[in-house]
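Thanks for making the time this morning. I would like to go through one model with you, taking the ligand site, then the cysteines, then the internal space.

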Amino acid sequence: MKQEIHLNFESYGSWKELAAADTQLLQAALESAAKAYAPYSRFRVGAALRMEDGSIVCGNNQENASYPQGLCAERVALFSASAQFPEKRIIALALVAESSEMPLSPCGGCRQVLLEYEQRQNSPIRLLMGAANGSVIVLQKAAELLPFSFSKENLNAVSKQAQ
Ligand code: THU
């Protein structure tokens with residue numbers, strides 16, 4: 001049986017078309033990108049999380065001479081928020097790469113991590129994928145980015161015989 005999945009998103013030409021809180025979150029992500037440690041790629045990325053109490057937690061990419069040990073901005077921000085404020089829900093994540101002319105889309109690994117936190121808190125995390133030139137794509141939940149994802153449901157679905 002053939003089936004389809006629809007991806008819902010909004011796209012804007014300028015951050016200014018968004019609500020003030022969203023524009024502020026993108027601005028915080030851009031400011032965080034300037035503090036990234038990215039001497040190898042020189043691709044500086046910033047992520048900013050809006051927490052349920054209105055506070056903002058930022059992260060940026062952290063690279064290493066042993067390349068695979070580096071970490072993306074999204075995961076630095078998400079792990080930092082979860083480590084410090086495990087009880088606070090994340091409302092939105094804004095993402096932007098310095099000087100980038102196209103909206104930044106999270107890598108597969110970061111999508112997996114985002115989805116885990118969205119499922120853990122049982123409420124959507126909005127994504128604001130910004131470009132430094134002003135354009136932005138908005139998704140209402142992280143799950144939109146990762147259909148057919150692997151999750152704890154897969155771990156729970158192991159048959160009794162296999163255990
Ligand atoms: N990077 C991020 O921080 N977030 C993304 O969404 C994509 C890629 C980082 C990883 C690496 O430090 C650099 O950008 C180049 O891939």
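The shell of residues around the ligand divides into seven nonpolar, three polar and two charged, and I should say at once that this is a predicted model, so please take every distance I quote as computed from predicted coordinates. The residues that surround the ligand are S41, F43, V45, N61, E63, C72, A73, E74, L104, S105, P106 and C107.

Let me turn to the polar contacts within that shell. E63 places a polar side-chain atom 2.5 Å from an oxygen atom of the ligand, and E74 likewise has a polar side-chain atom at 2.6 Å from a ligand oxygen. With A73, by contrast, the backbone is involved, a polar atom of it being 2.9 Å from an oxygen atom of the ligand. As for how much of the ligand is covered, its accessible area on its own is 370 Å², and the protein covers 75% of that.

Two of the residues in that shell, C72 and C107, bring me to the cysteines. How many disulfides does the structure hold? The count is zero, and since a disulfide is a covalent bond between the sulfur atoms of two cysteines, it is worth looking at the sulfur distances themselves. For C72, the closest cysteine sulfur belongs to C110 and is 3.8 Å away, which is too far for a bond, because the cut-off for a disulfide is 2.5 Å. C110 is in no disulfide either, and the cysteine sulfur nearest to it, that of C107, is 3.8 Å away.

Is C72 buried or exposed? Strictly speaking it falls in between, as C72 is partly exposed, with a relative accessible area of 24%, whereas C110 is buried, at a relative accessible area of 0%.

Finally, the internal space. Rolling a probe the size of a water molecule over the atoms shows where empty space is left. In this model there is one cavity of 30 Å³ or more, and the volume of the largest cavity comes to about 30 Å³. Which residues line the largest cavity? They are Q112, L115, E116, Q119, F150 and S151, and by class that lining has two nonpolar, three polar and one charged residues.

Key. Residues numbered from 1 in each chain as written. Predicted model: local features only at pLDDT ≥ 70, side-chain atom pairs only at ≥ 80, totals over all residues. Heavy atoms only, no water. 1 Å grid on protein atoms, 1.4 Å probe; cavity = no way out; pocket = protein on both sides within 12 Å on 5 of 7 lines; lining within 4 Å. Points joined across faces, edges and corners; volume = space filled by probe spheres on them. Nonpolar A, V, L, I, M, F, W, Y, C, P; charged D, E, K, R; others polar. Near = heavy atom within 4 Å. Polar contact = N/O pair within 3.5 Å; in protein donor to acceptor, adjacent residues only side chain to side chain. Areas by Shrake-Rupley, 256 points an atom, 1.4 Å probe, with all protein chains shown as cover. Buried < 20%, exposed > 50% of the residue type's maximum accessible area, 1.4 Å probe, protein only.
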